[in-house]
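Got the viewer open? Follow along, select each stop as we reach it, and have a look around before moving on.

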Amino acid sequence: MSTRIAFLKGHGTENDFVIVPDPENAVDLPPAAVAALCDRRAGLGGDGLLHVVRSAAHPEARGMAAEAEWFMDYRNGDGSVAEMCGNGVRVFARYLQRAGHAAEGDLAIATRGGVKRVHIAKSPSGGGSAAGDVTVGMGRALLPEGDVEVRVGERTWPARNVNMGNPHAVAFVADLAHAGDLYTPPSHAPAGAYPDGVNVEFVVDRGPGHVAMRVHERGSGETRSCGTGACAVAVAAARRDGVDPAVTGTPATYTVDVPGGTLVITERPDGEIEMTGPAVIVAEGEFDSAWLEGVRA
């Protein structure tokens with residue numbers, strides 16, 4: 001007997017997600033089902049899926065339940081599991097606010113990349129329809145040693161290896177068009193630098209403390225935005241510019257333009273990186289569980 005399963009659609013700077021509320025972790029979402037839901041022609045469409053589960057109900061999150069009531073069980077658009085998604089966390093927080101599980105102010109969200117601290121700003125219209133931006137504490141960046149290169153067609157660039165809980169290769173280029181169509185993953189060297197694949201960012205300068213980027217997200221292809229990627233880009237740009245807040249004692253802030261909008265990234269002297277940007281819920285509805293059963297078959 002089929003049942004109706006609730007879903008929502010949301011986006012953060014046009015990085016869009018299918019949202020499946022499932023507090024007790026009762027909905028089976030194998031990779032094929034996630035990929036079908038995220039399919040833009042035969043499914044609901046999205047760069048990824050946000051499975052909303054109480055931390056105490058998920059085996060990967062029970063250890064974080066004392067700190068964060070809710071776990072973002074994030075999946076890439078191809079159904080693969082990912083450690084973190086910065087835009088996804090903001091949209092996840094917006095869903096919790098919409099559902100009455102969170103209010104304006106501070107909250108904690110469990111992810112595979114650890115517990116993330118989130119702040120939902122007050123509505124700029126004083127309680128009207130416009131929602132306030134969401135700020136996420138993204139943790140600290142790791143800068144692994146070793147030279148990395150990325151290649152698209154005949155062009156090769158040196159890249160900065162940055163880990164934001166997931167791996168990134170950041171390449172500064174003369175023109176964002178040089179990144180090509182980004183339908184397929186840009187190649188990288190050495191091959192062993194990213195054994196589990198890599199998100200690749202191509203970056204140009206727009207002005208002091210202001211850059212623009214395109215990104216190929218592993219498992220999703222080119223997306224309109226990538227939160228962890230924007231953080232990696234800001235860190236790479238700061239180091240390229242000779243700026244390290246741990247040395248100067250002064251926060252470094254970069255504005256990062258993505259195809260879907262703008263994010264503001266601040267790296268504090270203690271190494272914590274904060275990302276601020278919009279998060280929007282655009283639709284909600286239901287789908288028939290029988291459809292997912294057909295996908296699993």
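Where is the place of T184? Select T184 and you'll land in the loop between β10 (167–172) and β11 (187–189). Keep in mind as you look that this is a predicted model. T184 has a relative accessible area of 56%, and because the cut-off for exposed is over 50%, T184 counts as exposed. Now add D22 to your selection: D22 and T184 are 162 residues apart along the chain, and their C-alpha atoms are separated by 32 Å.

**Next stop: a cis bond**

Move on to P190, which sits in the loop between β11 and β12 (199–207). Zoom in on the peptide bond that runs from A189 to P190: this bond is cis, and its omega is near 0°.

**Two positive phi angles**

Jump to T13, in the loop between β1 (4–12) and β2 (15–21). T13 isn't a glycine, yet its phi is positive, at about 45°. Is T13 buried or exposed? With 2% relative accessibility, T13 is buried.

Then pick N25, in the loop between β2 and α1 (31–38). Here's another residue other than glycine with a positive phi, this one near 60°. N25 is partly exposed, with a relative accessible area of 26%.

**Into the wrapped-up helices**

Select residues 86–98 to bring up helix α2. α2 has 13 residues and spans 19 Å from its first C-alpha to its last, close to the 18 Å expected at 1.5 Å a residue. Try showing the rest of the structure around α2: 11 of its 13 residues are buried, so this helix is largely enclosed. Among the buried ones are V89, R90, F92 and Y95. Just after α2, click on G100, where phi is positive at about 85°.

Now go to α3 (227–240). α3 has 14 residues and reaches 20 Å between its first and last C-alpha atoms, close to the 20 Å expected at 1.5 Å a residue. How many of the residues of α3 are buried? It's 13 of the 14, so α3 is mostly covered. Just after α3 comes G242, with a positive phi of about 80°.

**A hidden threonine**

Select T111, in strand β5 (residues 105–111). T111 has a relative accessible area of 1%, so T111 is buried. Turn on side chains and check what T111 reaches: the backbone nitrogen of G113 is 2.9 Å from the side chain. A polar atom of that side chain also lies 2.7 Å from the backbone oxygen of G114. Leaving aside neighbours within four places in sequence, T111 is in contact with M64, F71, M72, E83, M84, V89 and K116. You met V89 already, as one of the buried residues of α2.

**Last stop: an empty space**

How do you find a gap inside a protein? Rolling a probe the size of a water molecule over the atoms shows where empty space is left. Here the count comes to one cavity of 30 Å³ or more, and the largest cavity has a volume of about 100 Å³. Of the 14 residues that line it, select N76, M84, N166, N199 and E217, the closest to its centre. The elements that give two or more residues to this lining are β4 (70–76) and α3. Colour the lining by type and you'll get five nonpolar, six polar and three charged residues. And M84 should look familiar, since T111 is in contact with M84 too.

Notes
Residues are numbered from 1 along each chain as its sequence is written. This is a predicted model: local features need pLDDT of at least 70, side-chain atom pairs count only at pLDDT 80 or more; totals for chains, interfaces and linings use all residues. Side-chain values use heavy atoms; hydrogens and water are left out. Helices (H or I, at least four residues) and strands (E, at least two) are DSSP runs, numbered from the N terminus. Buried means under 20% relative accessible area, exposed over 50%, partly exposed in between (1.4 Å probe, protein chains only). A polar contact is a pair of N or O atoms within 3.5 Å; within protein, one must be able to donate a hydrogen and the other to accept it, and residues adjacent in sequence count only if both atoms are side-chain atoms. Contact means heavy atoms within 4.5 Å. On a 1 Å grid over the protein atoms alone, a cavity is a set of points where a 1.4 Å probe fits but cannot get out, and a pocket is an open set with protein on both sides within 12 Å along at least five of seven lines; lining residues have an atom within 4 Å of a point. Grid points are joined across faces, edges and corners, and a volume is the space filled by probe spheres set on the points. Ala, Val, Leu, Ile, Met, Phe, Trp, Tyr, Cys and Pro count as nonpolar, Asp, Glu, Lys and Arg as charged, and the others, Gly among them, as polar. The expected span of a helix is 1.5 Å times one less than its number of residues.
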